[in-house]
Amino acid sequence: MAMRKGQSMKSARTLPWVLLTATLACSAQLWAQSSSENESRPRAREIGLVVGIFEPGENNAITDVGEVKVGHTTVIRGDDIRTGVTAVIPAEGNLYTHPIPAWIHVGNGYGKLIGETQVREFGEIETPILLTCTLCVWSAANALKEWVYTQPGMGEHTVNPIVGETNDARVNNMWADPIQRAEVFAALAAARGGAVEEGSVGAGTGTQAFGWKGGIGTSSRVLPETLGGYTVGVLVQTNYGGVMSINGAPVGRELGTYAFKDSLPPANADREDGSIMVVVATDAPLSELGLSRLSMRAMLGLGRTGSYASNGSGDYVIAFSTNPTVRKPRFSSEPVATTVLVNDALSPLFAATAEATVEAVYNAILKATTVSSARGELKAVPVDAVKSILEKYNALNWDESF
């Protein structure tokens with residue numbers, strides 16, 4: 001920035017921070033309004049929408065698994081920035097020196113997922129996971145790399161940041177590259193266990209689902225002790241399309257919003273395309289092969305919601321285990337023993353993953369609020385209308401029919 005005549009170097013450095021402070025104040029006001037609206041909208045179970053047969057964990061969230069933490073930074077700025085970043089921290093401690101087993105499944109590979117090849121080569125992740133907007137992934141990855149180097153025990157090593165994305169360009173100017181170091185560090189600092197904010201927040205601020213407003217959603221399942229007592233948690237960043245189905249009810253058809261509908265205006269004719277990022281966590285002791293198998297079951301869950309993984313959809317599943325018996329040190333001159341479940345014990349985990357994925361998507365859609373900008377608008381799905389459709393098809397309160 002060039003200095004004006006008579007302007008000191010100190011004031012030249014201060015000016016951008018003054019502008020940033022004013023911008024953040026405006027953004028905070030808009031975000032607070034959106035957050036309040038999010039809180040007033042229901043999760044799936046609050047309208048009697050029960051998915052599957054297994055019970056959820058205490059928070060019905062990915063944070064029910066081990067030490068998993070989630071944090072968001074929501075960026076609402078000016079008339080065309082509607083985006084954010086969501087951070088998932090899988091475990092305590094230095095993930096580089098003590099990585100955890102993981103896998104990435106590619107349902108349909110039309111997307112940008114930084115770090116994917118090394119995860120599939122080593123079967124491990126060594127950083128937190130970030131979700132953000134499509135053209136923000138490189139800046140976010142650079143910031144995550146910098147954050148990792150601040151962790152205790154780090155030296156001058158290469159780092160493989162894990163950053164996924166979906167395209168929120170309908171309401172967000174992602175070409176402005178709005179996710180930078182400050183936003184990433186804030187999301188990581190905000191990461192907590194317990195309840196997870198859902199809907200139009202963080203990486204879900206500007207995303208859609210089946211032509212309606214979507215966003216961040218999460219859910220969990222706890223297996224009974226007779227099946228191991230393990231927990232599976234799922235977090236989704238929805239931005240995909242298809243023909244929305246909720247517990248078998250043809251909600252998309254009834255609402256008149258679905259892929260390939262002949263009367264769709266040109267501006268919305270791509271509702272069948274889009275992407276989704278799915279993060280699956282479990283405390284079951286699984287190897288990378290077991291996590292590979294587990295991650296594929298999330299796609300079965302997406303199919304139940306009405307997705308068919310269209311040509312233009314980037315559908316990725318990142319799965320990891322937090323069980324301490326499968327976490328190995330990065331450096332060891334001696335063999336390291338691990339304890340893993342045999343293949344025959346995985347079926348209940350597969351079922352739990354599919355169930356939690358479905359409910360996470362439903363939570364993302366129901367919790368999301370309308371988001372608009374100079375670029376366009378994504379309307380929140382009408383909850384009362386959805387509930388009426390679900391009642392019509394007897395899709396509610398399935399847990400009471402056991």
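# A guided tour, starting from a buried cysteine

Begin by selecting cysteine 133, which has a relative accessible area of 0% and is therefore buried, since buried means under 20%. The model on your screen is a predicted one, and it is worth keeping this in mind at each stop.

Now add cysteine 136 to the selection, and ask whether this residue is buried or exposed. Cysteine 136 also counts as buried, with a relative accessibility of 0%. Show the side chains of the pair, and you will find that cysteine 133 and cysteine 136 form a disulfide, with their sulfur atoms 2.0 Å apart. If you look along the S-S bond, the link between cysteine 133 and cysteine 136 is right-handed, with an angle of 40° about that bond. The count for this model comes to one disulfide.

**The whole protein**

Before going further, zoom out and colour the model by secondary structure, where you can find eight helices and 14 strands. The protein has 402 residues, of which 56% count as buried. Where contacts join residues at least 6 apart in sequence, 79% of them link residues that are at least 24 apart.

**Helix H4 and its surroundings**

Select helix H4, residues 181-190, and show the side chains of Glu183, Val184, Phe185, Ala187 and Leu188, which are buried. What covers these residues? The cover of the buried residues of H4 includes strand S1 (69-77), strand S2 (81-89), strand S5 (129-133) and helix H3 (137-148).

Keep H4 on display and add H3, so that you can study how two helices pack. In general, two packed helices are described by the angle between their axes and the distance between the axes. For H3 and H4, the axes come within 9 Å and cross at roughly 55°, and H3 and H4 are therefore oblique to each other. The crossing of this pair, H3 and H4, is right-handed. To see the contact itself, select Ala140, Ala143, Leu144, Glu146 and Trp147 in H3, together with Arg181, Val184, Phe185 and Leu188 in H4. Sorted by class, this contact of H3 with H4 has seven nonpolar residues, no polar ones and two charged ones. As you look at the spacing of such residues, it may help to recall that an α-helix has 3.6 residues a turn, so residues three or four places apart point the same way.

**A second pair of helices**

Next, select helix H6 (residues 288-305) and helix H7 (residues 347-367), whose axes come within 7 Å and cross at roughly 45°. H6 and H7 are therefore oblique to each other, and their crossing is right-handed. On the H6 side of the contact, show Arg293, Leu294, Arg297, Ala298, Gly301, Leu302, Arg304 and Thr305, which meet Leu349, Phe350, Thr353, Ala354, Glu355, Thr357, Val358, Val361 and Tyr362 in H7. By class, the contact of H6 with H7 has nine nonpolar, four polar and four charged residues.

**Two residues with a positive phi**

Most residues other than glycine have a negative phi, which is the background for the next two stops. Select asparagine 60, in the loop between helix H1 (9-40) and S1, where the backbone has a positive phi of about 50° although this residue is not a glycine. Asparagine 60 is buried, with a relative accessible area of 8%.

Then move to phenylalanine 210, in the loop between strand S7 (208-209) and strand S8 (212-213). Phenylalanine 210 is not a glycine either, and has a positive phi of about 55°. With a relative accessible area of 1%, phenylalanine 210 is buried.

**Two meetings across the sequence**

Select proline 224, which you will find in the loop between strand S9 (216-222) and strand S10 (231-239). Proline 224 counts as partly exposed, at 34% relative accessibility. Which residues does proline 224 touch, leaving aside those up to four places away in sequence? Proline 224 touches Phe54 and Gly229. Although proline 224 and phenylalanine 54 are 170 residues apart along the chain, their C-alpha atoms are separated by 8.1 Å.

Finish at glutamate 124, which lies in strand S4 (residues 124-125). Not counting residues up to four places away in sequence, glutamate 124 touches Pro99, Ile100, Pro101, Ala102, Val119 and Lys328. Add arginine 330 as a last selection, since the C-alpha atoms of glutamate 124 and arginine 330 are separated by 9.9 Å, with their places 206 residues apart along the chain.

Key. Residues are numbered from 1 along each chain as its sequence is written. This is a predicted model: local features need pLDDT of at least 70, side-chain atom pairs count only at pLDDT 80 or more; totals for chains, interfaces and linings use all residues. Side-chain values use heavy atoms; hydrogens and water are left out. A disulfide is a pair of cysteine sulfur atoms within 2.5 Å. Buried means under 20% relative accessible area, exposed over 50%, partly exposed in between (1.4 Å probe, protein chains only). Helices (H or I, at least four residues) and strands (E, at least two) are DSSP runs, numbered from the N terminus. Contact means heavy atoms within 4.5 Å. Axes are lines fitted to C-alpha atoms, for helices over the stretch in contact, and angles run from 0 to 180 degrees between N-to-C directions. Angles under 35 degrees count as roughly parallel, over 145 as roughly antiparallel, 65 to 115 as roughly perpendicular and the rest as oblique. A crossing is left-handed if the near helix is turned anticlockwise from the far one by less than a right angle, and right-handed if clockwise. Ala, Val, Leu, Ile, Met, Phe, Trp, Tyr, Cys and Pro count as nonpolar, Asp, Glu, Lys and Arg as charged, and the others, Gly among them, as polar.
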